[in-house]
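Hi everyone, thanks for coming. I'd like to walk you through a structure today, one region at a time. Please have a look at it first, and then we'll start with a proline.

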Amino acid sequence: MGIVAGLDSSAEFTRIVVCDTDTGAVLRQGYAPHPGEPKAVDVDPQTWLLSLGEAATGGILEGVQAIGVSAQQHGLVPLDAQGGLVRPALVRNDKRAQVAAAELVESLGGREAWAEAVGSVPGAGQPVAKLRWLARTEPEHARRIALLLQPHDWLVWQLLGRPARRTTDRGAASGTGYWSARTGAYRPDLVELALGHQAVLPEVLGPAEAAGTTPEGLLISAGTGETMAAALGLGLGPGDAVVSLGASGSVMAVHHEALSDPRGMITSFADATGMHLPVVHTTNAVRALRGTAEMLGLESLDELSALALKSTPGASGLVLLPYLEGERTPSLPHSAGTLSGLRRESMKPEHLARAAFEGMLCALTDAMDVLRGRGVEVRRVFLLGAAAALPAVQALAPALFGAQVVVPQPADYAALGAARQAAWALGVARGTLSPSAPPAWQGAAAQILEPGDELAAGQAVRQQYGATRDQIHPGAFGSQAGSHAGS
């Protein structure tokens, strides 16, 4: 038996889990918020180290033989030729870079050109867009940039004592906008397109490789981004998809190859095991539930859920297209939500409540169908987010998704994934594990929900939703419009 630690440095805090290498059992845990303004988009990376130090107090790391690092994505740490910070790190989905992202899309020849080059279309959060923003608004800083790291890369480098070798992994690299998951290679020309000159990029390590060893003999694994670490912590494999229910939503699946989408609906991430994580985002998810609750004068989503369950499948003909803030999937940036099917008998609070849940889940199924339409198999759907616990979500999701639904118990899955990666790298270094497969840890404790007898009703709801969507927004999914409704 060995002991490893997983460190997750998210946008607002650091979590540490210490695990048994053989079983993944959590032995100790630590937590500390990052000092400073929680929602800041310009951050001193030293605050991440201060938070790490605080989370590790009380001997939490005693006896640990290896550490894995997971960290927030959408981050850029710009360094000069000596490794010094040029300016504070740029983090989060920074709206300041929206115009810069649009400029980059046009400069390369459109969305299709970007999808082909790196598997994604630049968004304001990606490092490549942040680079263009720096070049446009802080040209003096931009000219001094010689080395580009992301938060997880920088933390690994600090833990190793700032060696000459700087590293990253496939997962984190695939979110930069200048590394392709399909080719496994950087596109330095895209860095130059954004920044105006070349910069040194970190070496991309394989999933089970170590980034190095500290002077004290502590092995540091490659590390990865939070999304990829959470997938590893959940124990996802081929046939598994994850639906994340936040204000906005996302559908992510494990697949054997990178997918590029000329419409830019799919973001082609690499995972932390050698596989791929194509992701499709929706602008609207739980925000549609909150808006409906406010409209009905309800104080909580629990009340909305209870009300929805008093209705029946199809909400007496009411269909809510939940495009309240415009929509990303399908690409309808300037659209609004639509409530269709109003009749005297359908104008009841419980039907509107039900239509909100059905609309949110059908929109996420549309996103899932973008992946299914490209050959991605979905046998199990992991539901994440606080709204996954709502009875109405659990009652409706299996039949609408057409798959078994898994609701994992809340846990620090990104930190657990980082720890699992550390155990993998440690095992490979010692010759006890194969570099082709991570250690077989016990899966997440979860509630399992089956479609059962509700499947036919779910398909009917999907068809009702799809028909309404295609009538109001014809061709929204291009040639795929309606082709997967009810699939």
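So, let's begin in the loop between strand S20 (319-321) and strand S21 (338-340), which is where Pro-330 lies. Keep in mind that this is a predicted model. Now, what is the peptide bond from Thr-329 to Pro-330, cis or trans? It is cis, and omega is near 5°.

Let's step back along the chain to the loop between helix H11 (301-308) and S20, where we find Ala-315. Its phi is near 50°, a positive value in a residue that isn't glycine. Ser-316 sits in the loop between H11 and S20 as well. For Ser-316, phi is near 55°, again positive in a residue other than glycine. What about exposure? Ala-315 has a relative accessible area of 0%, so it counts as buried. Ser-316, on the other hand, is partly exposed, at 30%.

Next, the strands. Strand S16, residues 240-245, pairs with strand S22, residues 380-384, in the parallel sense, and 5 bridges hold that pairing. If you want to find it on screen, look for Ser-244, which stands opposite Leu-384 in S22. S22 also runs parallel to strand S23, residues 404-408, with 3 bridges joining them. There, Arg-380 has Gln-404 in S23 as its bridge partner.

Let me stay with S16 for a moment, since Val-243 is found in that strand. Is Val-243 buried or exposed? Its relative accessible area is 0%, so the answer is buried. And which residues does Val-243 touch, once we set aside those up to four places away in sequence? The list includes a run from S22's side of the pairing, namely Val-381, Phe-382, Leu-383 and Leu-384. Val-243 also touches Ser-250, Val-251, Leu-364, Met-368 and Phe-401. One more distance for those of you who like them: Val-243 and Val-280 are 37 residues apart in sequence, and their C-alpha atoms are 9.7 Å apart in space.

Another residue I'd like to show you is Thr-176, in the loop between helix H7 (170-173) and strand S10 (179-180). Thr-176 has a relative accessible area of 2%, and because the cut-off for buried is under 20%, we call it buried. What does its side chain reach? The backbone oxygen of Ala-173, at 2.8 Å. Leaving out neighbours within four places in sequence, Thr-176 is in contact with Gln-126, Pro-127, Val-128 and Gln-150.

Last stop, a pocket. Rolling a probe the size of a water molecule over the atoms shows where empty space is left. The second largest pocket holds about 440 Å³ of space. It is lined by 23 residues, and those closest to its centre are Gly-24, Leu-416, Gln-442, Gly-443 and Ala-444. Which elements give two or more residues to this lining? They are strand S3 (26-33), helix H9 (226-234) and helix H14 (413-430). H14 provides the largest share, with 4 residues. As for the chemistry, the lining of this second largest pocket has 12 nonpolar, 9 polar and 2 charged residues.

That's my tour. Thanks for listening, and I'm happy to go back to any of these spots.

Key
Residues are numbered from 1 along each chain as its sequence is written. This is a predicted model: local features need pLDDT of at least 70, side-chain atom pairs count only at pLDDT 80 or more; totals for chains, interfaces and linings use all residues. Side-chain values use heavy atoms; hydrogens and water are left out. On a 1 Å grid over the protein atoms alone, a cavity is a set of points where a 1.4 Å probe fits but cannot get out, and a pocket is an open set with protein on both sides within 12 Å along at least five of seven lines; lining residues have an atom within 4 Å of a point. Grid points are joined across faces, edges and corners, and a volume is the space filled by probe spheres set on the points. Ala, Val, Leu, Ile, Met, Phe, Trp, Tyr, Cys and Pro count as nonpolar, Asp, Glu, Lys and Arg as charged, and the others, Gly among them, as polar. Buried means under 20% relative accessible area, exposed over 50%, partly exposed in between (1.4 Å probe, protein chains only). A polar contact is a pair of N or O atoms within 3.5 Å; within protein, one must be able to donate a hydrogen and the other to accept it, and residues adjacent in sequence count only if both atoms are side-chain atoms. Contact means heavy atoms within 4.5 Å. Two strands pair if DSSP finds at least two bridges between them.
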